[in-house]
Amino acid sequence: MAYHVVALTMAQVRQGALQFHRELGAAVHEANDLKVYSASPFDLEERRRLKDRFGGDVVYFFNDAARNLCLLQGLDLNFIAEITDNELPRRRTVVVGLPE
């Protein structure tokens, strides 16, 4: 499965870029296959590695269903890369979606 990467700066976060949490979170009950991950907040090395690789202070990984819903809803997110399952952080947090 592919995951689509969004990297946000702290300035973007302060300006409301995390609004997608609410928009997608409201849709989880109708589309329980939505998943958005981020690196665990406790894994500082992984977060640093992701920042170096993708350039954002906060990096999110959207599965196909979450990305498609963002596009349908017209959410202003810049998907900058696509990665595979095995490239996801080992220690990760579910930001939007039902826990495994």
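Visitor: How many cavities of 30 Å³ or more does the structure hold?

Guide: This is a predicted model, and the structure holds 1 cavity of 30 Å³ or more. The space in the largest cavity comes to about 70 Å³.

Visitor: Which residues line the largest cavity, and which elements give two or more residues to the lining?

Guide: The residues that line the largest cavity are Ser 38, Ala 39, Arg 47, Leu 50, Lys 51, Gly 56, Asp 57, Val 58 and Val 59. Two or more residues each come from strand 2, helix 3 (44-54) and strand 3, and helix 3 gives the most, with 3 residues. Sorted by class, the lining has 4 nonpolar, 2 polar and 3 charged residues.

Visitor: Asp 57 is one of the lining residues; where is its place, and is Asp 57 buried or exposed?

Guide: Asp 57 has its place in the loop between helix 3 and strand 3. Burial is read from the relative accessible area, with under 20% counted as buried and over 50% as exposed; because the value for Asp 57 is 30%, this residue is partly exposed. Leaving aside neighbours within four places in sequence, Asp 57 is in contact with Leu 8, Thr 9, Met 10, Arg 47 and Lys 51. With Thr 9, the separation is 48 residues in sequence and 4.9 Å in space, C-alpha to C-alpha.

Visitor: Strand 3 also gives residues to that lining; how should I read its pairing, and which strands does strand 3 join?

Guide: Pairing is read from the bridges between two strands and from the sense in which they run. Strand 1 and strand 3 pair in the antiparallel sense over 6 bridges, and within this pair Val 5 stands opposite Phe 61 of strand 3. Strand 2 (residues 36-39) and strand 3 (residues 58-63) also run antiparallel, joined by 3 bridges. Between strand 2 and strand 3, Tyr 37 has Phe 61 as its bridge partner, while the partner of Ser 38 is Tyr 60.

Visitor: To which strand do 4 bridges join strand 2?

Guide: Those 4 bridges join strand 2 to strand 5 (residues 92-96), and the two run antiparallel. One of the pairs is formed by Val 36 and Val 96, the latter in strand 5.

Visitor: Why is strand 3 described as largely enclosed by the rest of the structure?

Guide: The general idea is that in a regular strand the side chains alternate between the two faces of the sheet. In this structure, both faces of strand 3 are covered, since Val 58, Tyr 60 and Phe 62 on one side and Val 59, Phe 61 and Asn 63 on the other are all buried. Strand 3 is largely enclosed because 6 of its 6 residues are buried.

Visitor: How many residues has the largest nonpolar core, and which have the most contacts inside it?

Guide: The largest nonpolar core has 18 residues, and those with the most contacts inside it are Phe 20, Leu 24, Val 36, Tyr 60, Phe 62, Cys 70 and Leu 77. At least two residues of this core are supplied by each of strand 1 (2-8), helix 2 (19-27), strand 3 and helix 4 (64-73). Apart from it lies another core, of 11 residues, including Val 5, Ala 39, Leu 50 and Val 59.

Visitor: Where is Phe 20 found, and which residues does it touch?

Guide: Phe 20 is found in helix 2, and because its relative accessibility is 2%, Phe 20 counts as buried. Setting aside neighbours within four places in sequence, Phe 20 is in contact with Gly 25, Val 36, Tyr 60, Phe 62, Leu 75, Leu 77 and Val 96.

Visitor: Where do Asp 33 and Asp 76 lie, and are they buried or exposed?

Guide: Asp 33 lies in the loop between helix 2 and strand 2, and with 44% relative accessibility Asp 33 counts as partly exposed. Beyond residues up to four places away in sequence, Asp 33 touches Asn 63 and Ala 65. Asp 76 is in the loop between helix 4 and strand 4 (79-84), and at 78% relative accessibility Asp 76 counts as exposed. Between Asp 76 and Phe 20, which are 56 residues apart along the chain, the C-alpha atoms are separated by 8.7 Å.

Technical notes. Residues are numbered from 1 along each chain as its sequence is written. This is a predicted model: local features need pLDDT of at least 70, side-chain atom pairs count only at pLDDT 80 or more; totals for chains, interfaces and linings use all residues. Side-chain values use heavy atoms; hydrogens and water are left out. Two strands pair if DSSP finds at least two bridges between them. On a 1 Å grid over the protein atoms alone, a cavity is a set of points where a 1.4 Å probe fits but cannot get out, and a pocket is an open set with protein on both sides within 12 Å along at least five of seven lines; lining residues have an atom within 4 Å of a point. Grid points are joined across faces, edges and corners, and a volume is the space filled by probe spheres set on the points. Ala, Val, Leu, Ile, Met, Phe, Trp, Tyr, Cys and Pro count as nonpolar, Asp, Glu, Lys and Arg as charged, and the others, Gly among them, as polar. A nonpolar core is a set of buried Ala, Val, Leu, Ile, Met, Phe, Trp, Tyr and Cys residues joined through side-chain atoms within 4.5 Å. Buried means under 20% relative accessible area, exposed over 50%, partly exposed in between (1.4 Å probe, protein chains only). Contact means heavy atoms within 4.5 Å.
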